[in-house]
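User: Could you take a close look at one part of this protein with me? I would like to understand the surroundings of a single acidic residue and then see how the charged pairs elsewhere are arranged.

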Amino acid sequence: MHIDVVLAVVGALGVVVAAISSTMRRLPLSEPLLGLLAGVLLGPQLLDALPIAPVTVEHGLFHELARVLLAVSVMAVALRYPIAAVRRHRRALAVLLLIVMPAMAAISTGLGWAVAGLPLAAALLFGTAICPTDPVLASSVVTGDLAERDLPARDRQLLSLESGANDGLALPLVVAAIAVAGPLSAGAAITESLWQVLGALIAGALLGAVGGAALRLGDKHGATAHGPALLFTVVLALGILGVAGLLQVDGVLAVFVGGLAFNAVGTGAERTSEVEIDEAVNRFAVLPLFFLLGAALPWQQWAELGWKAPALVVAVLLLRRIPVVLLLRRPLHLPLPDAMYLGWFGPVGVSALFYLTMEAERLGVDDAVLGAGTLVLTASTVAFGLTGAAGRKLYIRAGAGRGDRVQPAPDRDRR
C-alpha cells in the first residue's frame, strides 16, 4: 500500500511539474522543494497517508536512493560540456576541490561543534558529510534557458563541474571522520581512501572509454539515434555504479570520471541529449527521493536542538561557503557578483544525504548527526528553491550596477 501511495503522488507531482514547467524557473519554487513539501504534508506528522519511519531508522533506503540519483546526475554533469571546457577550467577546479571543499568541511565541523553542541567527533562527521556541493540542486540554477540567458557560461560550468567532482572526492574526508569517530585506524583510513579514489579513477576511465567506443561503433550502424543514446548514458552510469560497488571503490567518483572518459572518446553528439537528461533529473527523477525524505524527516531530533536549530541553519548557509569563495575570488578569477552567486548557490543536498547515511551504515545510527545534517539539507533545499529566480535577477542588477553587460548570447557549452 505504501509503494502505491508513493507512485500515485510522484505521478501527480510529475503532472504538476510538466504543466508549469515553462514558468517554474521564474517562481520561488523548485522540483526538490515541491517533492519535499508534498512529503511533509502526506507524512506521519500531518495527514499520515505515508507512515514511513524517520530517516534515522530508514537510512539504508535513503542511502541507496541517493547513490543512484547522484550517479545519474554526475554523469549528466560530465557530459554537459565539451571536454575542452573541462580542461579550460582545470586551475579554478583545483582551487575549488583542493582548497574550498576542505575549508567548507572545516568550517562546517566548527559550526557543528560550536553552534549545535555536537561532540568533536560527531561534528567532524557532520562537517565532512555536508561539505560537497550538490549536483542535483545545483543543476536547477545552472541549466535551462533562463540560466543560459542570465548567467555567464564560465560560472555555470564551474559550479556544475565542481559539484560533479567533489561529490566523489569528499569521500576521503568522510572516511577520515569515520576513523576519528569509530574503530577505523589512521592507516586503514588512508589505505581505504587511496583504494576508493584510485580504483574509482581507473575503473571509471576504463568503463567510460569502453562506453564511448561502443557508442562510436553503434553510431556506424544507426543504433545510437537520439532516443537510444539518451538512455545509453543513463544505463552506463548505473553500470559503472554497480561495478564500482562490486570493487568497493567510490561509485559516484567512478561515474563522474567515466562520464568524462565517455565524453572524450564518444561521438560528441550525445551532448545534445544531455539537456534532456538534466531536465529529467531536475524535474522528475528528484521527486521520489525528496517526497520520501519529506515524509521521513526527523522532527523529534530537530525539536531537541531547540534554539540551536535555526542558529545552525543560518550559520551554515552564510558561513560554510560564501566567505571562502570571496577570499579566493582572485585565484578563481571571479568578479564580486560572480563570487557571491557561486558562494550562495553551492547547496547542501543529495550528496549530504548520501554521506550522512553512509556514516550511519558504517558506525550505527547517530541521531544527533543525522538530525543536524538533515536539518541543514532541508533548509538548503528550501532556501535555494526560494531564491533561484531572485538570485539571477540580483546578479543581473549587480552587473548593471557596475557597468557590465550580462551577455545572454547563445550558449556554446554543448557545441
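**A close look at D250**

Analyst: Happy to. Leaving aside neighbours within four places in sequence, D250 touches G168, L169, L171, Q196, A200 and A244. This is a predicted model, and the residue sits in the loop between α13 (226–247) and α14. What is the nearest side chain of opposite charge to D250, and how far away is that side chain? The answer is R67, at 8.9 Å, and D250 is buried yet has no salt bridge. A salt bridge here requires the nitrogen and the carboxyl oxygen to lie within 4 Å. The D250 side chain does have a polar atom 3.2 Å from the backbone nitrogen of L253.

Helix α14 itself covers residues 251–265, and F262 lies in it. F262 counts as buried because its relative accessibility is 0%. Its C-alpha atom is 8.0 Å from that of A205, although the two residues are 57 apart along the chain.

Now back to R67, which does have a partner: its side chain meets that of E64 in a salt bridge, 3.2 Å from N to O. The two are 3 residues apart in helix α4 (residues 59–80), so about one helical turn separates them. R67 counts as partly exposed at 24% relative accessibility, and E64 is also partly exposed, at 38%.

In total the structure holds 5 salt bridges. Another one joins E192 and R362, with 3.0 Å from N to O. That pair links distant parts of the chain, with E192 in helix α12 (residues 186–220) and R362 in helix α21 (residues 350–363), 170 residues apart. E192 counts as buried at 17% relative accessibility, whereas R362 is partly exposed at 38%.

R149 and D150 form a salt bridge too, their closest N and O atoms being 2.7 Å apart. Here R149 is partly exposed, with a relative accessible area of 41%, while D150 counts as buried at 6%. Both belong to a network of salt bridges that also includes R392.

For the wider setting, the protein has 22 helices and 0 strands, and buried residues make up 56% of its 415 residues. Of the contacts between residues at least 6 apart in sequence, 84% join residues at least 24 apart.

One word on confidence: the average pLDDT is 87, and 88% of the residues score at least 70. Over residues 403–415, however, pLDDT stays under 50. Where pLDDT is low, the predicted coordinates should not be read in detail.

Methods:
Residues numbered from 1 in each chain as written. Predicted model: local features only at pLDDT ≥ 70, side-chain atom pairs only at ≥ 80, totals over all residues. Heavy atoms only, no water. pLDDT = per-residue confidence, 0-100. Contact = heavy atoms within 4.5 Å. Helix = DSSP H or I, 4+ residues; strand = E, 2+ residues; numbered from the N terminus. Buried < 20%, exposed > 50% of the residue type's maximum accessible area, 1.4 Å probe, protein only. Lys, Arg positive; Asp, Glu negative; His and termini not counted. Polar contact = N/O pair within 3.5 Å; in protein donor to acceptor, adjacent residues only side chain to side chain.
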